[in-house]
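Open the model in your viewer and keep the sequence panel beside it. This tour moves from one selection to the next and says what is there.

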Amino acid sequence: FKGGCSDRRDISVVDDVVRTSVLMGFPTISRWGKLANCPGVNIDCSGLKGPGTLADGTPYDNKMHVNRCLAIAAEMMNVVLFNELRNKRGLVYGISFGYRPFKLSESGFCTISFQPKNEQVEESVESVKSTLKQIIAEGFSEADFEGARQPLITRCREADVSNSFWLLLMEHLQNELSPKDISSIKKVPEHYEVITLDMVNEAVKTCYGHSLDNMAFTMGRSGPKEEDGAPKSE
């Protein structure tokens, strides 16, 4: 990523099927709330605080607070983008948002991947940007929040009884490069239960506010071969 600018690459592949795939991405924070190795962008979320305690009075683990907020935001982002670009505008066949925080490095990244209709690629890209801009500026709605948080809590409760989930939780627990400790892996669903919509919107504005100025863009097209050997664009 290049601080303060956008980077774009187009790739063409010869194939019998005409189709287009787009991947957009931007840098964001690590699991521990920092982005420190991206030129032109520096984020420290240590000032964003959680609720203090869980519902039962147990101290809230603030080290992963912003990471939890952005996990809920990713759930909402998927729904909002799909409704806006697929259901309302009919611009894409499918679209997904991904939040990928690094665990031992002070950075992470987000991706937006979608399959636009071939004749509406640029319109789709601009619609993604405008939707993301609106979310950052205005935040998610209460309906978005409740529709995303409760299923996430349910999945956490279901996973909480599996060995694989606990092996994942214990990853890097004694790594000196990681701030993770026992409080980071206890009562995972209960931590999500006390997060509010305002906390999520504040985290999104802080961690994604730079996204449109630091967006990487890759488009892949496939189609039958033209006379000059290049794939047809439509």
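Start with the cysteines. Across the whole structure, a search finds zero disulfides. Select C156, which is in no disulfide. Its nearest cysteine sulfur belongs to C69, 14 Å away. A disulfide needs two cysteine sulfur atoms within 2.5 Å, so this pair does not qualify. C156 is buried, with a relative accessible area of 10%. Now pick C38: this residue is buried too, at a relative accessible area of 10%.

**The whole chain**

Zoom out and colour by confidence. This is a predicted model. The average pLDDT of the protein chain is 89, and 91% of the residues score at least 70. Select residues 1-5, where the pLDDT is below 50. In the model, this stretch has 18 contacts beyond near neighbours in sequence. Among the elements, strand β1 (residues 7-14) has the lowest confidence, at a mean of 70. Helix α6 (residues 197-208) has the highest, at 98.

Switch to cartoon. The chain has six helices and seven strands. Follow them from the N terminus: the order is β-β-β-β-α-β-β-α-α-α-α-α-β. The C-alpha trace spans about 70 × 35 × 35 Å along its principal axes. Of the 234 residues, 44% count as buried. Take the contacts between residues at least 6 apart in sequence: 75% of them join residues at least 24 apart.

**The nonpolar core**

Go inside next. The largest nonpolar core has 61 residues. F97 and Y208 have the most contacts inside this core. Helix α1 supplies the largest share, twelve residues.

Centre the view on Y208 and show its contacts. Leaving aside neighbours within four places in sequence, Y208 is in contact with F26, T28, L70, M77, F97, Y99, C110, I136 and A203. F97, the other residue named for its core contacts, is thus on the list for Y208.

**The loop between β4 and α1**

Which residues does L48 touch beyond those up to four places away in sequence? Select L48, in the loop between β4 and α1, and show its surroundings. The list is N62, H65, V66, E202, A203 and T206. Measure from L48 to T206 in the viewer: their C-alpha atoms are separated by 9.2 Å, with these positions 158 residues apart along the chain. L48 counts as buried, at 11% relative accessibility.

Stay in this loop and move to D61, between β4 (41-44) and α1 (65-88). Is D61 buried or exposed? D61 is buried, because its relative accessible area is 5%, under the 20% cut-off. Show the side chains around D61. Not counting residues up to four places away in sequence, D61 touches R68, S183, S184 and H191.

**Strand β6**

Jump to P116, found in strand β6 (residues 108-116). P116 is buried, with a relative accessible area of 1%. Its contacts, leaving aside neighbours within four places in sequence, are T20, S21, V22, L91, V92, Y93, V121 and S124. Add R86 to the selection. P116 and R86 are 30 residues apart in sequence, and their C-alpha atoms are 9.3 Å apart in space.

**The largest pocket**

Turn on the surface. The largest pocket holds about 650 Å³ of space. There are 25 residues in its lining. Select R31, N67, A71, L168 and Y192, the lining residues closest to the pocket centre.

Which element gives the most to this lining? Helix α1 does, with six residues. Colour the contributors by element: α1, β5 (92-101), α3 (142-159), α4 (163-170) and α5 (188-193) each supply at least two lining residues. Keep α1 highlighted, since you have met this helix before: α1 also gave the largest share of the core.

**Last stop: a backbone angle**

Select K187, in the loop between α4 and α5. Check the backbone. K187 has a positive phi of about 55°, although this residue is not a glycine. K187 is partly exposed, with a relative accessible area of 34%.

Technical notes:
Residues are numbered from 1 along each chain as its sequence is written. This is a predicted model: local features need pLDDT of at least 70, side-chain atom pairs count only at pLDDT 80 or more; totals for chains, interfaces and linings use all residues. Side-chain values use heavy atoms; hydrogens and water are left out. pLDDT is the predictor's confidence in each residue, from 0 to 100. Helices (H or I, at least four residues) and strands (E, at least two) are DSSP runs, numbered from the N terminus. Contact means heavy atoms within 4.5 Å. Buried means under 20% relative accessible area, exposed over 50%, partly exposed in between (1.4 Å probe, protein chains only). A nonpolar core is a set of buried Ala, Val, Leu, Ile, Met, Phe, Trp, Tyr and Cys residues joined through side-chain atoms within 4.5 Å. On a 1 Å grid over the protein atoms alone, a cavity is a set of points where a 1.4 Å probe fits but cannot get out, and a pocket is an open set with protein on both sides within 12 Å along at least five of seven lines; lining residues have an atom within 4 Å of a point. Grid points are joined across faces, edges and corners, and a volume is the space filled by probe spheres set on the points.
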